[in-house]
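Visitor: I'm new here, so could you show me around?
Guide: Sure, take a look first, then ask away.

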Amino acid sequence: SSGINAEYGQTIKSVRSASPIIPLSYIGPSGGIFDDFSVHDIDLLLWVTGDVPVQVFVAGNTQIPEFAEHNDFDNMIILLNFKHGTLGTIDLNRYSSYGYDQRLEVFGPLGMLHCEHSRPNHLVTSDQSGSTKTPLYYSFPSHYDQAFKNQLNYFVDLVRGKVKLSVTEKMTRAVSKVVQACKESVVSGMPVKITWAEEEIPEY
């Protein structure tokens, strides 16, 4: 495994707050906060830890009426207990008034790893009234602009045979299994245990 458990893996926390709010016409077809939103953060935590959760607990609420009309949530917290002991949390919000916010923090016996949200630049202006930073990227496309370019370049290299496929079927199946358990937890209001056969666990 390429995970962080041995050095930093006591706790891992992902925060993602989206901007702007998604088009209201997309709420229904989106698949909801699980299939459209949390799936990416679950994928991230499994990849960073190199591990799979054996239990999840999910709580969500709805503050934006249009999401409630589709029986969806716009705020959610997911707690994950990983197989090798790491505790994970995922903090999700469908609307952020200050820009697209995404952060990752890993804490353990050797210290902390912290991945801050990206900005167009890291200029900090200070004067007698205080300090200000450049605002966050406003939207999903602007926040992930470089990531999309990297993905496209990787795809071209893959087609040309210069690299091997880094995402496996086991990885996607594992994420889907965790998402399903999360759906069960938020409905029941109870923790849901996840059982893994050895052949289901991906190699990261």
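**A guided look**

Guide: Let's start with strand 1 and strand 5, which pair in the antiparallel sense over 7 bridges. This is a predicted model, where local features need pLDDT of at least 70 and side-chain atom pairs count only at pLDDT 80 or more, while totals for chains, interfaces and linings use all residues. Residues are numbered from 1 along each chain as its sequence is written, and side-chain values use heavy atoms, leaving out hydrogens and water.

Visitor: What makes strand 1 and strand 5 a pair?
Guide: Two strands pair if DSSP finds at least two bridges between them, and here there are 7 bridges, so they qualify. Within this pairing, Ser 14 stands opposite Leu 104 of strand 5.

Visitor: Why is Gln 102 called buried?
Guide: Buried means under 20% relative accessible area (1.4 Å probe, protein chains only). Gln 102 has 17% relative accessibility, so the label fits. Gln 102 lies in strand 5, residues 101-108; strands are DSSP runs of E, at least two residues, numbered from the N terminus.

Visitor: What makes the link between the side chains of Gln 102 and Tyr 144 a polar contact?
Guide: A polar contact is a pair of N or O atoms within 3.5 Å, where one must be able to donate a hydrogen and the other to accept it. These side chains come to 2.3 Å, so the distance passes.

Visitor: How do you know that strand 1 is largely enclosed by the rest of the structure?
Guide: Of its 7 residues (11-17), 5 are buried, so strand 1 earns that description.

Notes:
Helices (H or I, at least four residues) and strands (E, at least two) are DSSP runs, numbered from the N terminus. Buried means under 20% relative accessible area, exposed over 50%, partly exposed in between (1.4 Å probe, protein chains only).
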